[in-house]
Amino acid sequence: MRTPTAITARPLRRQLIALAAPIAGTQLAQIALSTTDTAMMGMLGVQALAGGGLAVVIFNQLRTMGVGLIVPLGNQVAAADAEGRDLATVRGHVRAGFLLATVAAVVGAFAIVGIGALLPHLGQSGAVVDAARPMLLALAPGLIPCLWFQVIRQFTVGMQRPRGMLGITVASVLVNAGLNLAFIYGWGPFPQLGLAGIGLATSLVHLAVFAAFWWLVRRDPVLAPHLSAAFWRARRSDVRSLAGLGVPVSATYASEAGMFSALALVMGAISETALAAHNVVYQVTFIVFQLAIGLSQASSILVSRQVVARRPRDAMRVMRLSLGFALIAVLLSGVCYATVPDLVLAPFLSNGADAATASLAASLLLIGTVMQFADSAQNIGVGLLRGLGDTVSGFRLSVVGYWFVGLPAALALAFWADLGAAGVWWGLTLGLTTTAALMIGRFRRRVRELVGG
C-alpha cells in the first residue's frame, strides 16, 4: 500500500478553485483553437463560415463522445489515490483509458468522413457541402491524438496534479494561428489549401499538444511511474470498469452534442445566414462554457473524494459552490453581450460578413446569456452525479431534457411559431434548463440517501 495524496485540509472553496482553474484554463486554451479557426473561416466569406463551422460542429460531436468515454478515468484515479491503492491499480486504469481512447478515435474518424458524405441528404446547400467536406477530411485524423491527450489529462486531474496543461495549450493556439494562415494562403513551403488547411493545421496541433504533454508528465516524479500507454496490456477488468462508467457519460455528452448538431442542421435548413450566425454565437458561448467544464470536472473529482471520506454534506457544499461560480461567470459574460455585442462578435464578423448575419448574431447572443447558465448547470450536474458513481442517470435525464423537450420545442418555435433562428435558441434553452433541473434534483436525492444511510 502507498500513502495517498490525501484529501487536503484546505477549505472546499479553495480546493475547487485550485482544481477547476487549470482545467478551465486548459479548456479555454483548447477552445481557442476552434475559435481561431472560426475567426479565420470568416476571412474566407459567409459560405466558408457556414460550411467550415458545420464541419467543426460535427468534429466536436465525435470528439465530445470520445471525451465522455474517458472522463470517468479521473474519478477512478481519484478514488484509487484517496484509498491509497498500489501503483499497478492506477497504471491499469490509465492503460484501459488509452485502449478505449484509441478505439473511439479510430471509429470516430471514420464516422466524421462518413457524415461528410451524407451532408447532401441532410438538407444542406451545395455550397455548404463543398466547404464542409474537405474540412472534415482534414480534421478526422486529429481525433486520435486529441483523445490520447484527454487520457493523460484525466489521469493528472484525478491525481490532483493538473500541471503544465495550460502553458502547452496556450502555446498551441499561437502555433495553430500561424499554421492556419500558412495553409490558407500558401506561405513559404506550405501548400495553399484554403479552408481545408484550417482543418489540417488543427490536426497537426492536436498531435503536437499530445506529444508535449506526454513529455511533461514523464518528467514528473509523482506521475511518471503511473503513466503507461501500453493499451494492449490493459486488463479486461479495468477496461470493463471504465467502459461501464464511460459509455453512459459518452452517451450523455453525445445526447447534448447531438442536439446542438441537429439544431445546426435546422439552422442550415432555414438559411445560410442563420447557420453562419448560429456558428458564430455558438462559438462565443462555448468559450464561457469552458469555465463550466472546469467546474464540472473539479466538482466531480471532489465529490468522489468526499464519498470515499464519507462526507456527504461536503458533497452538497461542492454542488452549491460550483453552481455559484458558474452563475458569476455567466452574469459577467452577459453584461458584455448586452453592452458591447459588436465588440464580442468582431473577431468573427469583421471581415466580409453581411449586415443580416451580424444583426441575427447579435440577437442570438442575448438569448445565449440565458442559455449559458442552463448549459453550465446541466454540465455541472453530470459531473456531480459522476462523482457519486452514477453515470446512467445523467444519460437518461439528458435524453428527456434534450430530445423530448429541447428539440421539439426548438422545431415548434422556429417553424410553427415562425420565430426562425431565435426560436431554435429558445427551444435549446428550454431543453437545457429541463436537463439541469432533473440532474441537480437527482444529485440532491442521492446525497440525502447517503446521509440517511
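Biologist: On the other side of helix H12 from its buried residues, which residues are exposed?

Modeller: This is a predicted model, where local features need pLDDT of at least 70, side-chain atom pairs count only at pLDDT 80 or more, and totals for chains, interfaces and linings use all residues. Numbering starts from 1 along each chain as its sequence is written, while side-chain values use heavy atoms and leave out hydrogens and water. A helix is a DSSP run of H or I with at least four residues, numbered from the N terminus, and exposed means over 50% relative accessible area, buried under 20%, partly exposed in between (1.4 Å probe, protein chains only). On that other side of H12, the exposed residues are Asp-342 and Leu-343.

Biologist: Within what arc do the buried residues of H12 fall?

Modeller: H12 covers residues 341–349, and its buried residues are Val-344, Leu-345, Phe-348 and Leu-349. An α-helix has 3.6 residues a turn, so residues three or four places apart point the same way. The buried residues of H12 line one face of the helix, because the arc (taken from the directions from the helix axis to the C-beta atoms) is 115 degrees.

Biologist: Let's zoom in on one of them. Which residues is Leu-345 in contact with, leaving aside its neighbours within four places in sequence?

Modeller: Leu-345 sits in helix H12 and is buried, with a relative accessible area of 4%. Its C-alpha atom is 7.8 Å from that of Val-284, although the two are 61 residues apart along the chain. Counting contact as heavy atoms within 4.5 Å, the partners of Leu-345 are Val-280, Val-284, Ala-358, Ala-361, Ala-362 and Leu-365.

Biologist: Which helices are included in the cover over the buried residues of H12?

Modeller: Leu-345 is one of those buried residues. The cover over them includes H1 (12–42), H2 (46–70), H10 (272–308), H11 (312–339) and H13 (355–387).

Biologist: H10 is a helix we can look into. Is its residue Ile-287 buried, exposed or partly exposed?

Modeller: Ile-287 lies in helix H10 and touches Leu-28, Ile-31 and Thr-35, not counting residues up to four places away in sequence. Its C-alpha atom is separated by 9.6 Å from that of Gln-30, 257 residues apart along the chain. With a relative accessible area of 27%, Ile-287 is partly exposed.

Biologist: Now for H2: how many of its residues are buried?

Modeller: H2 reaches 35 Å from its first C-alpha to its last, close to the 36 Å expected at 1.5 Å a residue; that expected span is 1.5 Å times one less than the number of residues. H2 is mostly covered, and of its 25 residues the buried count is 23.

Biologist: Which element gives the most residues to the lining of the largest cavity?

Modeller: On a 1 Å grid over the protein atoms alone, a cavity is a set of points where a 1.4 Å probe fits but cannot get out, and lining residues have an atom within 4 Å of a point. The structure has seven cavities of 30 Å³ or more, and the largest has a volume of about 570 Å³ (the space filled by probe spheres on grid points joined across faces, edges and corners). Its lining has 35 residues, with Gln-27, Asn-60, Arg-63, Thr-64 and Phe-286 closest to the centre. Eight residues of that lining come from the top contributor, H2.

Biologist: And which element gives the largest share of the lining of the largest pocket?

Modeller: A pocket is an open set with protein on both sides within 12 Å along at least five of seven lines, and the largest one has a volume of about 200 Å³. Among its 13 lining residues, Asn-75, Ala-79, Leu-245, Ser-304 and Gly-389 lie nearest the centre. The elements giving two or more residues are H3 (72–82), H10 and H13. The largest share, four residues, comes from H3.

Biologist: At which residue does helix H14 bend?

Modeller: H14 spans residues 392–416 and reaches 34 Å from its first C-alpha to its last, close to the expected 36 Å. A bend is the angle between axes fitted to the seven residues ending at a residue and the seven starting there. In H14 the angle is about 30 degrees, with Pro-408 following within four residues of the bend at Gly-406.

Biologist: What is the phi of Asp-418 near?

Modeller: Asp-418 is in the loop between H14 and H15 (421–452) and counts as exposed at 65% relative accessibility. Its phi is positive, in a residue other than glycine, and lies near 60 degrees.
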